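This briefing is meant to be read beside the sequence and the coordinates. The points are grouped by topic, after a short lead.

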Amino acid sequence: MGCKSLFLRLTKGNFCMKKIELEIVALSHSITQTHSYAVVLGEVNGLRRLPIVIGGFEAQAIAVALERMQPSRPLTHDLMKNFMYAFHIELMEIVINDLQEGIFYSKLVCVNEHDTIEIDSRTSDALALAVRFGCPIYTYENILENAGILMEDEARQKKSDITVEDSGSSAGDKDLSRMSLDDLQKLLSEVLEHEDYIRAIEIRDEINKRK
């Protein structure tokens, strides 16, 4: 292998593994899929969004922390935070580090007095802990490129409060497999206007199948 080819492969690999910081910008609820939510992560200083489907319990756990609500008794993720603090363990960051067959995988990067430890985690649990510790959320460029959705310029405006939308647009009745790529792109823009991120995930996946 020539030096130039090796350099290009290494450069491409480093670019794909570049960490991108994200922030939670919304929780979206779709009435077309009972008990389904999408937590929407936005690229810091960027226009891309990464919607991830989670369950109702996990959505509640994230919303409680974002709204700084104080339950009468600790929820599971509050208990985990208290446990970690009791043993002098700090959550430094979470990383959404893999995407396989539509499932996101994450890791917790924790430190104590002596070590840095990486722990595998469900992405929904990692996010619920991240908002409690106030730690950064990261993913890699290749994951955001494959699963992210590019928003319009006005999406740069950050939301100070969590947004929960009931999205019941007629787009949910359309058969995606019979639509052209141009029509899918138009439909994607339409559902994003209604902040129906659950439906946007389905359309994004259909578009990616045809690439």
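Is E118 buried or exposed? At a relative accessibility of 53%, E118 counts as exposed, and its salt-bridge partner K107 is discussed with it further down. The model is a predicted one, and its protein chain has 211 residues, of which 43% are buried. The secondary structure of this chain comes to seven helices and nine strands.

**Chain-level figures**

- Among the contacts in the protein chain with a separation of 6 or more, 59% are accounted for by residues 24 or more positions apart.
- The chain exposes about 12600 Å², and carbon and sulfur atoms supply 50% of that area.

**Nonpolar cores**

- The largest nonpolar core has 35 residues, and the members that touch the most other members are L22, V39, L41, L50, I52, L91 and I94.
- Helix 4, which spans residues 123–133, gives the most to this core, contributing six residues.
- When neighbours within four places in sequence are left aside, L22 is in contact with L41, G42, E43, V44, L50, I96, I137, T139 and L144; of these partners, L41 and L50 are also listed with L22 among the core members that touch the most others.
- Another core lies apart from the largest one and consists of twelve residues, including M151, L188, V191 and A200.

**Salt bridges**

- The structure holds ten salt bridges, among them the pair formed by the side chains of R48 and E141, with an N to O distance of 2.9 Å.
- R48 belongs to strand 3 (residues 48–55) and E141 to helix 5 (residues 141–147), so this bridge ties together parts that are 93 residues apart in sequence.
- Both partners of that bridge are buried, R48 at 18% relative accessibility and E141 with a relative accessible area of 7%.
- The side chains of E58 and R122 also meet in a salt bridge, again with 2.9 Å from N to O, and this pair links distant parts of the chain, with E58 in helix 2 (residues 56–66) and R122 in strand 6 (residues 116–122), 64 residues apart.
- In this second pair E58 is buried, with a relative accessible area of 12%, whereas R122 counts as partly exposed at 47% relative accessibility.
- E118 and K107 form a further salt bridge through their side chains, at 3.2 Å from N to O; E118 is in strand 6 and K107 in strand 5 (residues 103–111), eleven residues apart.
- In contrast to the exposed E118, K107 is buried, with a relative accessible area of 14%.
- Salt bridges with shared partners join E43, R48 and E141 into one network, and E43 is also one of the residues in contact with L22.

**Cysteines**

- Which cysteine sulfur is closest to that of C110? The closest one is in C135, at 8.7 Å, which is too far for a bond, given that a disulfide requires a pair of cysteine sulfur atoms within 2.5 Å.
- C135 is likewise in no disulfide, with the sulfur of C110 as its nearest cysteine sulfur, and the disulfide count for the structure comes to zero.
- Both cysteines are buried, C110 at 3% relative accessibility and C135 with a relative accessible area of 11%.

**Helix 2 and its end**

- The buried residues in helix 2 include E58, A59, A61, I62, A63, V64 and A65, and E58 is therefore a buried member of this helix, at 12% relative accessible area, as well as the salt-bridge partner of R122.
- Just after helix 2, R68 takes a positive phi of about 55°.

**Nonpolar surface patch**

- M80, F83 and F87 form a nonpolar patch on the surface, and together they have about 320 Å² of accessible area.
- M80 is found in helix 3, which covers residues 76–86, and M80 is partly exposed, with a relative accessible area of 36%.
- As a general point on helix geometry, an α-helix has 3.6 residues a turn, so residues three or four places apart point the same way.

Technical notes: Residues numbered from 1 in each chain as written. Predicted model: local features only at pLDDT ≥ 70, side-chain atom pairs only at ≥ 80, totals over all residues. Heavy atoms only, no water. Buried < 20%, exposed > 50% of the residue type's maximum accessible area, 1.4 Å probe, protein only. Core = buried A, V, L, I, M, F, W, Y, C linked by side-chain atoms within 4.5 Å. Helix = DSSP H or I, 4+ residues; strand = E, 2+ residues; numbered from the N terminus. Contact = heavy atoms within 4.5 Å. Salt bridge = Lys/Arg side-chain N within 4 Å of Asp/Glu carboxyl O. Patch = residues over 30% accessible without salt bridge, like charges linked within 9 Å, V, L, I, M, F, W, Y side chains within 5 Å. Areas by Shrake-Rupley, 256 points an atom, 1.4 Å probe, with all protein chains shown as cover.
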